[in-house]
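Biologist: Please take a close look at one buried position and the strands around it. Give me the cut-offs as you go.

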Amino acid sequence: VSDRQMNALPTFQQSILSDPFCDDVIKLASELDQEKGTIDDGVTDSVRRSTVRWINRDERSEFVYQILTRLFEDFNRQVFGFNIGHVPEIQFTEYGESEQGHYDWHLDTISDGPVTYDRKLSMSIQLSPSTSYVGGDLQFHDNGSGGLPADEIRSRGTVIVFPSFMPHRVTPVTQGKRLSLVAWMEGPKFQ
């Protein structure tokens, strides 16, 4: 059985991460440089409107990397069974109402030339309370929320994990601001 034939459905755990953890991540990210979210190193507002801050691994961010790595390993062991390796940089993302922040249908796979690894799993963590924004729903192609209860996956501290080759999007934010943490687990190329 190849990696791609294994479970390809999104999964989640509602509010598994605490409010203090979410607050600490927001504080950490607020101290980092902000840039426009891009697609393949170019800005395409019709496809993506967001700002991002990259959280690289260092002393201040080690707690985030440790928790996310453990979560990836647990979800992978229980649901996916992929051959995984490590978490590269982590993305803090803001979708705001003023720019109708969104990210249209896309995959999280890597398309930059020959590489010896693949993004295997994607993780989205809700950092905002669900009542602080309207819109901004994470959806999966062909089946809306991917069979996940839309109201539950919006809860603060909720972790959603899915194969990086699964098409997904974030619908436009029409009120407030949606904050999320996005991470990927890489591993040897799919066989």
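Modeller: What follows goes from one residue out to its strands and then to the whole chain.

This is a predicted model, where local features need pLDDT of at least 70, side-chain atom pairs count only at pLDDT 80 or more, and totals for chains, interfaces and linings use all residues. Residues are numbered from 1 along each chain as its sequence is written, and side-chain values use heavy atoms, with hydrogens and water left out.

Start with Leu179. Leu179 sits in strand S12, residues 173-188. Strands (E, at least two residues) and helices (H or I, at least four) are DSSP runs, numbered from the N terminus. The relative accessible area of Leu179 is 14%. That makes Leu179 buried, because buried means under 20% relative accessible area, with exposed over 50% and partly exposed in between (1.4 Å probe, protein chains only).

What does Leu179 touch, leaving aside its neighbours within four places in sequence? The contacts are Ile26, Phe92, Thr93, Glu94, Ile125, Gln126, Leu127 and Ser128. Contact here means heavy atoms within 4.5 Å. Take Gln126. Leu179 and Gln126 are 53 residues apart in sequence. In space, their C-alpha atoms are 6.7 Å apart.

Now the strand pairing. Strand S7 covers residues 117-126. S7 and S12 run antiparallel, joined by nine bridges. Two strands pair if DSSP finds at least two bridges between them. One of the bridges links Ser124 to Val182 in S12. S7 is also mostly covered, with nine of its ten residues buried.

S7 has another partner, strand S10 (residues 159-163). This pairing is antiparallel too, over five bridges. Met123 has Val161 as its bridge partner in S10.

Elsewhere, four strands form an open antiparallel sheet, ordered S3-S6-S11-S9. S3 (48-49) and S9 (138-140) stand at the edges, each with a single partner strand, so one side of each has no neighbour in the sheet. S9 pairs with S11 (residues 168-170) through three antiparallel bridges. Phe140 is bridged to His168 in S11.

Last, the whole chain. The chain holds three helices and twelve strands. Of its 191 residues, 48% count as buried. Among contacts with a separation of 6 or more, 84% join residues 24 or more positions apart. The accessible surface of the chain is about 9200 Å², from the Shrake-Rupley method with a 1.4 Å probe; for residues, only the protein chains shown count as cover. Carbon and sulfur atoms hold 48% of that surface.
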